[in-house]
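Ready for a bit of helix bookkeeping? Grab a pencil, keep the viewer open, and try each exercise before reading the solution.

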Amino acid sequence: MKNGRAKHHEIGEPPARARFRRSGAAIWLPVSILLGLAIGWIATQVGMRFAPLAVFPLAVGVVLGVCLVGMTRLLQTGHRVTVFLAMMLAVLVAAGSQHYFSYLDARRLIEEDNRRVQQSPSALKAQAAFAELINDRLPQGPIDYMCRQASIGRPMPFGYVARGPMAWISWFFDGLLILLAAIAVVWFGCRQSFCDGCMSWYCTIRSGHLSPRQAKRLAELTGFDIPDGSTSPRDMHYSLSGCRGGCGPEQLCVTWQLSERGTCTATVWLDNDKKKQVSEIIDQDGD
Ligand SMILES: [Zn+2]
């Protein structure tokens with residue numbers, strides 16, 4: 001350990017990667033579409049009032065990512081490719097539906113406007129004179145609406161207005177920011193292991209501090225090296241993770257804060273024999 005860099009050791013066999021399940025994938029198809037539509041609709045409503053450039057699509061991506069991670073826990077889906085494809089679909093639907101909901105909103109406002117004109121006797125003459133102009137305000141579809149919005153332009157910082165292709169490029173980047181934020185959240189939220197035996201995500205069972213004596217005994221039992229330079233016992237921390245059913249190997253993670261401002265982590269996968277022995281050592285009073 002030099003220059004305060006983190007060092008990581010892993011010992012033992014982690015649980016096998018989650019298998020693909022057709023039933024899981026079939027559930028995720030409607031789930032990701034509905035989630036994308038719900039986030040797209042909420043983003044449209046919020047975006048009409050407040051939508052700071054770049055920050056807003058990132059926030060949409062974070063919310064979408066959090067919802068997706070929540071759904072992986074609710075549906076107990078651990079197959080990463082299924083989750084990744086569901087995320088891509090949800091982002092696509094969320095980004096696309098924002099434009100569609102904006103189109104529906106604009107259409108509704110124009111139709112309400114037209115109805116008001118028709119009901120107003122004083123405006124009847126104007127309506128007749130400008131009938132063609134009024135009808136022309138109504139977009140023919142979502143693509144036509146987006147083309148019109150692109151020709152009007154999108155206000156950007158420093159007084160710049162993105163028109164035509166630049167407006168389309170700015171929308172593309174909005175979608176990209178949603179995707180990047182969602183990837184970051186889903187990656188972080190799904191970094192834990194998954195047990196295919198009991199179909200559950202690993203979660204922390206217990207955690208705390210270790211005395212040097214406990215750390216030494218754990219090292220002897222599981223085979224990791226205690227690095228030189230470990231400071232006070234307060235700096236030795238452990239966490240024990242496992243699946244809900246207790247059928248998979250448990251994950252023991254021991255972290256040291258080194259005197260050189262670096263950290264050292266040892267991850268050990270415990271089989272059934274070691275699980276009990278590790279618990280006994282941790283249950284002992286540290287001294
Ligand atoms: Zn399990």
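**Exercise 1. List the buried residues of H1 and find what they pack against.**

Solution. This is a predicted model, so we're reading computed positions throughout. Start with burial: a residue counts as buried if 20 or more other C-beta atoms lie within 10 Å of its own. In H1 that picks out Gly 24, Trp 28, Ser 32, Leu 35, Gly 36, Ile 39, Gly 40 and Ala 43. Now think about spacing: an α-helix has 3.6 residues a turn, so residues three or four places apart point the same way. Last step, the partners: the buried residues of H1 pack against H2 and H3.

**Exercise 2. Check whether the end-to-end distance of H1 agrees or disagrees with the expected span.**

Solution. H1 runs over residues 22-47. With 26 residues at 1.5 Å a residue, H1 should span 38 Å. The C-alpha atoms at its ends sit 37 Å apart, so the two values agree.

**Exercise 3. Describe how H1 packs with H2 (residues 55-74).**

Solution. Two numbers do the job here: packed helices are described by the angle between their axes and the distance between the axes. For H1 and H2 the angle is about 150 degrees and the axes are 11 Å apart. Angles over 145 degrees count as roughly antiparallel, and that makes H1 roughly antiparallel to H2. As for handedness, H1 and H2 make a right-handed crossing.

Next, who touches whom? From H1 come Val 31, Leu 35, Ile 39, Ala 43 and Gly 47; they meet Phe 56, Val 60, Val 63, Leu 64, Cys 67, Leu 68 and Met 71 of H2. Sorted by class, that contact has eleven nonpolar residues, one polar and no charged ones. Leu 35, Ile 39 and Ala 43 also turn up among the buried residues of H1.

**Exercise 4. Do the same for H3 (residues 80-119) and H7 (residues 165-189).**

Solution. The axes come within 10 Å and cross at roughly 150 degrees. The crossing of H3 and H7 is right-handed. On the H3 side you'll find Val 83, Met 87, Val 91, Ala 94 and Ala 95, facing Asp 174, Gly 175, Ile 178, Leu 179, Ala 182 and Val 186 of H7. The class tally is nine nonpolar, one polar and one charged.

**Exercise 5. Decide whether Ile 282 is buried, partly exposed or exposed.**

Solution. Ile 282 sits in helix H9 (residues 272-283). Count its C-beta neighbours inside 10 Å: there are 18, so Ile 282 is partly exposed. Across the whole chain of 287 residues, 25% are buried.

Notes. Residues numbered from 1 in each chain as written. Predicted model: local features only at pLDDT ≥ 70, side-chain atom pairs only at ≥ 80, totals over all residues. Axes fitted to C-alpha atoms, helices over the stretch in contact; angles between N-to-C directions. Helix = DSSP H or I, 4+ residues; strand = E, 2+ residues; numbered from the N terminus. Parallel < 35°, antiparallel > 145°, perpendicular 65-115°, else oblique. Left-handed = near helix turned anticlockwise from the far one by under 90°. Contact = placed C-beta atoms within 7 Å. Nonpolar A, V, L, I, M, F, W, Y, C, P; charged D, E, K, R; others polar. Expected span 1.5 Å × (residues − 1). Buried ≥ 20, exposed ≤ 12 C-beta atoms within 10 Å, placed from the backbone.
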